[in-house]
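Take a walk through this fold with the coordinates open beside you. The route starts in the core and ends at a single side chain.

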Amino acid sequence: GFYNNTTVHHQNFSSLISLRASNATTMTKGLLLSITYPTGGRTEFTWEANKAANVVAPNRQSVNAWAQQYVGGCRIKEIRNYHDASSTPITTKYFYVKNFTTAVNPETLTSSGILNGQPRYLFVISNRSGAFQASNMSYTLASVNDMSSYSYNGSAMHVGYSEVVEQKPDNSYIKYFYTNFDQDINLQTHWDVHPGVLGWVIGSVEDGYVKMSSLERERGKAI
């Protein structure tokens with residue numbers, strides 16, 4: 001679900017995000033496509049890349065628009081169930097968008113996905129006060145692995161969906177709502193919380209490096 005057919009050897013740290021961008025064509029390789037049952041029936045799966053329209057800001061208190069980009073990992077697009085080899089499939093489709101109706105092409109709707117922050121491979125911190133503010137210092141932190149305290153280093157999913165639609169063969173559908181970072185249908189938000197940390201400047205470029213008090217257990221719950 002994360003293979004993008006790109007090598008990152010001998011590249012600059014500043015280009016790692018673009019080099020590790022998701023490839024919607026290659027990322028579905030190797031996934032389970034069908035299950036055949038001893039009774040003769042089978043289930044087929046169609047996968048697609050995760051997509052998000054927003055990304056959590058480094059301060060963990062808001063989201064930034066993100067132009068509906070692919071964000072790594074895959075989700076189920078369609079499930080087809082066959083009673084036997086010659087039967088017509090019973091098809092269930094899934095849409096991960098906001099404001100779904102059967103009158104509108106779901107491809108034109110906004111994704112309900114929110115990315116749990118962008119990875120950070122490079123930190124440049126300038127003119128930080130030293131001990132007792134006796135001197136200033138600047139330093140650079142760089143790594144081929146994400147150094148942020150969220151997203152790909154976190155224990156929660158890297159993307160969550162606020163709305164998911166399950167459409168039946170007769171075009172009827174069920175719309176599911178889930179808690180996410182932003183305000184849900186109950187007007188509740190689930191942002192991570194800044195700790196009281198000495199030595200870091202809250203509300204700056206350093207936000208992504210500070211370990212937050214995570215509210216991940218509140219997110220992804222059915223409403």
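Which residues have the most contacts inside the largest nonpolar core? They are Val71, Ile76, Tyr96 and Leu115, in a core of 13 residues. Strand 3 gives the largest share of this core, four residues. At least two residues come from each of strand 2, strand 3 and strand 8. Another core lies apart from it and has five residues. Val97, Phe100, Leu109 and Val165 are among them. Keep in mind that this is a predicted model.

Now step back to the whole chain. The protein chain has one helix and ten strands. Along the sequence the pattern is α-β-β-β-β-β-β-β-β-β-β, with the helix ahead of the strands. Of the 223 residues in the protein chain, 38% are buried. Take the contacts between residues at least 6 apart in sequence: 57% of them join residues at least 24 apart.

The strand pairing comes next. Strand 2 covers residues 42-56, and strand 3 covers residues 63-82. The two pair in the antiparallel sense, over 13 bridges. Within this pairing, Ala49 of strand 2 faces a partner in strand 3: Cys74 stands opposite. Six residues separate the two strands, which form a hairpin. In the turn, Arg60 has a positive phi of about 65°. Strand 3 also pairs with strand 4, again in the antiparallel sense, here over four bridges. In that pairing Ile79 has Thr92, in strand 4, as its bridge partner. In a regular strand, side chains alternate between the two faces of the sheet.

Strand 3 has a backbone feature to check. Ala67 lies in this strand. Its phi is positive, about 55°, although Ala67 is not a glycine. Is Ala67 buried or exposed? Ala67 has a relative accessible area of 67%, so it is exposed. Asn99 is another non-glycine residue with a positive phi, near 60°. Asn99 lies in the loop between strand 4 and strand 5. With 57% relative accessibility, Asn99 counts as exposed.

The aromatic rings are worth a separate pass. How many aromatic pairs does the structure hold? It holds four. Phe95 and Phe100 form one that is stacked, with 5.2 Å centre to centre and 15° between the planes. Both Phe95 and Phe100 are buried. Tyr96 and Tyr161 form a tilted pair, at 5.0 Å centre to centre and with 50° between the planes. This pair links distant parts of the chain, 65 residues apart. Tyr96 sits in the loop between strand 4 (90-95) and strand 5 (113-115), while Tyr161 is in strand 8 (residues 159-161). Tyr96 has 10% relative accessibility, so it counts as buried. Tyr161 is buried as well, with a relative accessible area of 13%. Ring pairs also link Phe95, Phe100 and Tyr173 into a cluster. A charged side chain joins the picture elsewhere: Arg42 lies over the face of Tyr82, at 3.8 Å from the ring centre.

The last stop is Asn180. Where is Asn180 placed? It lies in the segment after strand 10 (173-177). Asn180 counts as buried because its relative accessibility is 3%, and the cut-off for buried is under 20%. Which residues does Asn180 touch, leaving out those up to four places away in sequence? They are Ser112, Ile114, Gly160, Tyr161, Ser162, His190 and Arg219. Tyr161 in this list is also a member of the tilted pair with Tyr96. His190 is ten residues from Asn180 in sequence, and the C-alpha to C-alpha distance is 6.5 Å.

Two polar approaches involve the side chain of Asn180. A polar atom of this side chain lies 3.0 Å from the backbone oxygen of Gly160. The side chain of Ser162 makes a polar contact with the side chain of Asn180, at 3.1 Å. Gly160 and Tyr161 both fall within strand 8, which spans residues 159-161. Strand 8 is also one of the strands that supply at least two residues of the 13-residue core.

How values were computed
Residues numbered from 1 in each chain as written. Predicted model: local features only at pLDDT ≥ 70, side-chain atom pairs only at ≥ 80, totals over all residues. Heavy atoms only, no water. Phe/Tyr/Trp six-rings, centres within 6.5 Å; stacked < 30°, edge-to-face > 60°. Buried < 20%, exposed > 50% of the residue type's maximum accessible area, 1.4 Å probe, protein only. Lys NZ or Arg CZ within 6 Å of the ring centre and 35° of its normal. Pairing = 2+ DSSP bridges. Contact = heavy atoms within 4.5 Å. Polar contact = N/O pair within 3.5 Å; in protein donor to acceptor, adjacent residues only side chain to side chain. Core = buried A, V, L, I, M, F, W, Y, C linked by side-chain atoms within 4.5 Å.
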